[in-house]
Amino acid sequence: MEAGELGGALLFLLAAAAAVAVAVSVGVVDFSRPLAANAGLDFQAAVSWLIGVLDGSSTAAADAYGAWVAVRAGLIAPVLQAAVWACLVMSVMLVVEAVYNSVVSLGVKAIGWRPEWRFKWEPLPGGGDDEEKGSADYPMILVQIPMYNELEVYKLSIAAASELQWPKDRIVVQVLDDSTDPIAKPESDFLLRTVPFLMHNPEVALVQARWSFVNGTRSLLTRVQKMFFDYHFKVEQEAGSATFAFFSFNGTAGVWRTKAINDAGGWKDRTTVEDMDLAVRATLKGWKFIYAGDIRVKSELPSTYKAYCRQQFRWSSGGANLINFPEIGFSIFLCICASYNLAFPGTTSYYPYLYLQALAFLLLGLNFTGTCVCCQ
């Protein structure tokens, strides 16, 4: 356990001890009620004793029970009600977001909207491979290929990057030992179709292409993943690009402007989803993103459940690292509210809904979203 985790655990224990001490000092809870004489400390006796402490049936707690009811009605109940309304508002926000993205996606399809309607695009002179035209008009390009133990695709990926139509003195290809995520294979004209957006639109930081999958129909697992990514690209990213020019970078099949990366603070190693982290920071700096859905880049999906779990653990834990402590804290708060509502139900019981919300926030905070610990 790291020093930060140990300090957090100690702080939580001290806070719990202080809360118990305050409750005892004001008489809200009473531990002076003894168990029956010669009675064993079994589960039923302990529960009976605890109920007597909380509901005021013990003699020592009878006078404090009225104060406890007043605290429940004046302080705890309003907080519980506020938590319920907050959860309901967040649920409505998720539904509204999904409906909004779907409507925008259908509208884009209906009118045939393209990024060229909003951002300038002109073909580069010479087609990228005309030596007589020279290479002065072409910006310097860095192609990065992250991989780790991917014996089946590393040759295809490196070959595809080497065959890109671009002046050879204006392109650098780097092979990085990074992860086991799927490797993309771009077409030879990928740079010729994406870089003009960056050259003619100085406010654009990223041009993101759409993924297509070579093994999308291999198994039920790959089919389900393909359905998810099709919705992600066709609905979420297209809606974000067509409206606010923002969406989360997918980590591959995209072209970044070096100035935007530097302006956003560069790549950070504080999380394993540095692509999403960089996209958020660049957006806060005012940079815009373009999603070019008609440009497809071949990729490969995890074909086994174990590989899928490793991928999802990397993605979900990285995102959770950015918002870890607030998520766990809010989960604990919702769990306390749900437990109180379960122990002291009123005219309406919200505890099932609150428990589900608390579980969702806890899984996100503990980096378990989309995966299972036993699969690591």
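**Stop 1: the annotated transmembrane regions**

Select residues 82-108, 322-342 and 354-375. The unreviewed UniProt entry labels these stretches "transmembrane region". Keep in mind that the model on screen is predicted. Now hold on to residues 82-108 alone. This stretch is 100% helix and 0% strand. Put a distance label between its end C-alpha atoms: they are 38 Å apart.

**Stop 2: the whole chain**

Zoom out and colour by secondary structure. The chain carries 11 helices and five strands. Switch to a colouring by accessibility. Of the 376 residues, 36% count as buried. Contacts reach across the sequence as well. Take those between residues at least 6 apart in sequence: 76% of them join residues at least 24 apart.

**Stop 3: the open sheet**

Select β3, β4 and β5. These three strands make an open sheet, ordered β4-β3-β5, with mixed pairing. At the edges sit β4 (254-256) and β5 (288-299), each of which pairs on one side only. Turn the view to look along the strands. From one strand to the next, the twist averages 20 degrees.

Next, add helix α6, residues 220-243. This helix packs on the sheet and touches β3 and β5. Its direction makes about 155 degrees with that of β3.

Now focus on the β3-β4 pair. Strand β3 covers residues 204-213, and three bridges join β3 to β4. The two strands run antiparallel. Pick Val207 to see one partner: its bridge partner in β4 is Val255.

**Stop 4: the loop from β3 to α6**

Select Gly216. It lies in the loop that connects β3 and α6. Is Gly216 buried or exposed? With a relative accessible area of 4%, Gly216 is buried, because the cut-off for that class is under 20%. Show what surrounds it. Setting aside neighbours within four places in sequence, Gly216 is in contact with Thr222, Arg223, Lys226 and Leu301. Then pick Pro302. Its C-alpha atom is separated by 9.7 Å from that of Gly216, and the two residues are 86 residues apart along the chain.

**Stop 5: the loop from α6 to β4**

Move to the other end of α6 and select Asn250. This residue lies in the loop between α6 and β4. Asn250 is buried too, at a relative accessible area of 15%. Which side chain makes a polar contact with the side chain of Asn250? It is that of His232, at 2.9 Å. Expand the selection to its other contacts. Not counting residues up to four places away in sequence, Asn250 touches Gln208, Trp211, His232, Phe233, Gln237 and Asp275.

**Stop 6: helix α5**

Select residues 190-200, which make up helix α5. Most of this helix is covered, with eight of its 11 residues buried. Show the buried set as sticks: Phe190, Leu191, Leu192, Thr194, Val195, Pro196, Phe197 and Leu198. Arg193 belongs to another class. At 30% relative accessibility, Arg193 counts as partly exposed. Keep Arg193 selected for the next stop.

**Stop 7: the salt bridges**

The whole structure holds eight salt bridges. Start from Arg193 and add Asp294. The two form a salt bridge, with the closest N and O atoms 3.7 Å apart. This pair links distant parts of the chain, from Arg193 in α5 to Asp294 in strand β5, 101 residues apart. Asp294 is partly exposed, at 35% relative accessibility.

Now add Arg114 and Glu116. These two also form a salt bridge, and their closest N and O atoms are 3.3 Å apart. Glu116 counts as partly exposed at 29% relative accessibility. Arg114 is likewise partly exposed, at 36%. Keep both pairs on screen. Which residues are linked in a network of salt bridges? The network is made up of Arg114, Glu116, Arg193 and Asp294.

End with Lys120 and Glu122. Their side chains meet in a salt bridge, 3.6 Å from N to O. Lys120 is partly exposed, with a relative accessible area of 43%. Glu122 is partly exposed as well, at 37%.

Notes
Residues numbered from 1 in each chain as written. Predicted model: local features only at pLDDT ≥ 70, side-chain atom pairs only at ≥ 80, totals over all residues. Heavy atoms only, no water. UniProt positions renumbered as here; feature names shortened; annotations may be inferred. Helix = DSSP H or I, 4+ residues; strand = E, 2+ residues; numbered from the N terminus. Pairing = 2+ DSSP bridges. Axes fitted to C-alpha atoms, helices over the stretch in contact; angles between N-to-C directions. Contact = heavy atoms within 4.5 Å. Salt bridge = Lys/Arg side-chain N within 4 Å of Asp/Glu carboxyl O. Buried < 20%, exposed > 50% of the residue type's maximum accessible area, 1.4 Å probe, protein only. Polar contact = N/O pair within 3.5 Å; in protein donor to acceptor, adjacent residues only side chain to side chain.
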